[in-house]
Amino acid sequence: MEISDSSSNVMNADIIHHTHNHTEEEENSVYSAGMVPDMMWKIREDCERLMANYNESSEELYCPPTFDGWSCWNATPAGRISVAPCPYFITGFDPQRMAHKVCTEEGTWFRHPQSNLIWSNYTTCVDVEDLEMRQAIVNVYIAGYSVSLIALVVSLAILIGFRQSLKCTRIYIHRNLFASFIINNAMWLLWYKGVADQPEVLLDNRIGCKILHVLLHYFLVSNYFWMFCEGLYLHTVLVVAFLSENSIMKWFHLIGWALPAAVTATYAGVRASIPEETNHCWMEESRSTWILSGPVCLSMLTNAFFLVNIVRVLVTKLKAPNTTSYNAAPQGHRSSEAHRAEMLADGQRPDEADGRTNGHVPALSNSSGGGTSSHRTSTSLNGLRKAVRATLILLPLLGLHYVVMPFRPEAGAPGEIAYQIVSAIFTSFQGLCVAFLFCFCNGEVLKVLRKEIVRYAATRKVGLQNRRLILRSQQPMTTEL
């Protein structure tokens with residue numbers, strides 16, 4: 001399941017442009033700062049041995065062996081072009097392509113006209129079409145997170161502004177989920193614009209961008225865990241007969257805010273202890289990422305179980321009143337759960353079902369008659385439609401679109417670009433979808449908003465009427481003769 005930084009697989013155009021102007025002097029400073037993986041150190045050591053054993057020929061003019069920071073270039077006759085495979089360890093490079101380096105007629109390596117530094121040409125290593133596509137994917141992420149952020153802020157403002165009218169545990173959970181979405185989306189936008197789009201920030205690799213990386217992943221994990229809380233609460237409401245809602249919120253706060261802090265702190269400590277995984281603001285893939293993705297995968301799989309069981313209960317309870325007659329004792333309990341399930345299928349809050357119906361829905365006895373079979377068929381189809389509707393509504397709330405395609409294809413594999421596009425749309429616009437389904441299209445929220453609009457209109461009408469009366473009373477009195 002993908003939880004790592006999506007920008008690590010979408011190479012930025014500015015970073016590629018930076019590699020076009022790659023020079024030996026730049027890479028020497030990077031090596032001295034300890035910002036390279038072990039594989040590059042080995043390449044450099046092998047090349048230094050080659051340079052130490054090089055004997056300059058007196059018969060023909062050669063450019064000497066050199067190491068430019070990524071590749072080792074052997075001695076090359078003057079006026080020739082030396083070629084080498086593109087580095088396989090550089091993200092965005094195709095190792096099947098060839099880089100080249102020019103040896104001038106004077107027996108010196110070509111220097112870049114702008115910087116006057118010895119230059120290796122890696123421009124041929126970049127698949128420009130692939131680069132443009134990946135940059136477009138980044139733009140989808142930025143657009144989606146921006147739109148979702150606006151919708152979520154408005155939604156959270158509504159839920160907080162009308163908190164006196166919207167008092168229930170589920171709304172409290174929604175508020176925390178929306179808050180985690182807002183911070184997570186804002187952090188991703190800051191990461192894309194402030195780090196991923198800034199090659200010099202990645203190369204400097206300072207503590208600030210690493211802290212941003214850790215905070216980003218904390219709120220990312222927190223967002224997943226609040227989705228888990230949504231699924232756990234909904235499942236508990238439908239399955240458990242009695243629930244202490246005051247105590248359950250304390251547990252949800254621990255799961256949604258405290259547990260991600262412990263998981264992220266463990267991840268940060270382990271990754272910081274592995275020197276080769278501390279480069280480029282931790283943007284690259286890491287073996288320690290499973291410390292984050294393991295609990296997230298578990299929460300998503302648990303939510304998938306919750307969804308299956310919720311739909312099972314929903315279908316069972318919708319069918320229950322039409323299958324057999326009930327005794328007086330179990331009738332109230334069973335019909336109450338059926339009504340609770342029906343409310344879920346209709347997009348309403350199931351936790352208020354008992355309060356609205358006093359735990360009673362009229363049960364239908366099993367009677368014989370000409371219309372019984374057609375009535376059952378109609379009811380069955382209606383129940384199926386409601387089950388499908390409830391499933392589609394719950395998918396974005398529980399984050400289960402990640403389970404549909406949990407594993408990202410390898411870079412360059414068939415379908416990898418299609419996966420990236422679909423993942424970018426689902427991931428970045430999830431907040432927008434949740435805001436619409438559970439705030440803007442929520443029946444109770446709309447009811448409160450309509451009531452507030454009517455109250456405001458009535459108050460404004462009374463105010464206008466009073467103003468007219470005051471104006472009339474201030475007009476001078478005239479007497480007709």
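# Disulfides, Cores and Aromatic Pairs

Cys103 is buried, since its relative accessible area is 1%; here buried means under 20% relative accessible area, exposed means over 50%, and partly exposed lies in between, with a 1.4 Å probe and protein chains only. The model is a predicted one, in which local features need pLDDT of at least 70 and side-chain atom pairs count only at pLDDT 80 or more, while totals for chains, interfaces and linings use all residues. Residues are numbered from 1 along each chain as its sequence is written, and side-chain values use heavy atoms, with hydrogens and water left out.

The partner of Cys103 is Cys63, with which it forms a disulfide whose sulfur atoms are 1.9 Å apart; a disulfide is a pair of cysteine sulfur atoms within 2.5 Å. The torsion about this S-S bond is about 90°, so the disulfide is right-handed. The two cysteines are 40 residues apart and link distant parts of the chain, with Cys63 in strand 1 (residues 62–63) and Cys103 in the loop between strand 6 (98–102) and helix 4. Helices (H or I, at least four residues) and strands (E, at least two) are DSSP runs, numbered from the N terminus. Cys63 has 0% relative accessibility and therefore counts as buried.

A search of the whole structure finds four disulfides. Another of them joins Cys47 and Cys72, with the sulfur atoms 2.1 Å apart. Its S-S torsion is about 80°, so this disulfide is right-handed. Because Cys47 belongs to helix 3 (residues 38–52) and Cys72 to strand 3 (residues 72–73), the pair ties together parts that are 25 residues apart in sequence. The two ends differ in exposure: Cys47, at 0% relative accessibility, counts as buried, whereas Cys72, at 29%, counts as partly exposed.

Cys86 and Cys125 are also joined by a disulfide, at an S to S distance of 2.0 Å. Here the torsion about the S-S bond is about -90°, so the disulfide is left-handed. This pair, too, links distant parts of the chain, 39 residues apart: Cys86 is in the loop between strand 5 (81–85) and strand 6, and Cys125 is in the loop between strand 6 and helix 4. Both Cys86 and Cys125 are buried. When the bonded cysteines of the chain are numbered in sequence order, the pairing reads 1-3, 2-5, 4-6, 7-8.

The strands that border these loops can be considered next. Strand 5 and strand 6 pair in the antiparallel sense over five bridges, where pairing requires that DSSP find at least two bridges between two strands. Pro85 has Met98 of strand 6 as its bridge partner. Side chains alternate along strand 5: Ser82 and Ala84 point to one face and are buried, while Ile81, Val83 and Pro85 point to the other and are not buried.

The structure holds 15 aromatic pairs. Rings of Phe, Tyr and Trp (its six-membered ring) pair if their centres lie within 6.5 Å, and planes under 30 degrees apart count as stacked, over 60 as edge-to-face and the rest as tilted. The ring centres of Phe93 and Tyr122 are 6.0 Å apart and their planes are at 15°, so this pair is stacked. Phe93, in the loop between strand 5 and strand 6, is 29 residues from Tyr122, in the loop between strand 6 and helix 4, and the pair links distant parts of the chain. Phe93 counts as buried at 8% relative accessibility, and Tyr122 is buried with a relative accessible area of 0%. Elsewhere, Tyr141, Tyr145, Trp188 and Tyr192 form one aromatic cluster.

Tyr192 also leads to the largest nonpolar core, which has 73 residues; Phe178, Trp191, Tyr192 and Phe252 touch the most other members. Such a core is a set of buried Ala, Val, Leu, Ile, Met, Phe, Trp, Tyr and Cys residues joined through side-chain atoms within 4.5 Å. Helix 7 (207–239) is one of the elements that give two or more residues to this core, and its share of 17 residues is the largest. A second, separate core of 17 residues includes Trp70, Ile90, Trp109 and Val126. Helix 7 is mostly covered, with 26 of its 33 residues buried. From its first C-alpha to its last it reaches 48 Å, close to the 48 Å expected at 1.5 Å a residue, the expected span being 1.5 Å times one less than the number of residues.

Beyond its neighbours within four places in sequence, Phe178 is in contact (heavy atoms within 4.5 Å) with residues including Leu152, Leu156, Val434 and Cys439. Cys439 is buried, as its relative accessible area is 1%. Its sulfur is 9.1 Å from the closest cysteine sulfur, in Cys441, and this is too far for a bond.
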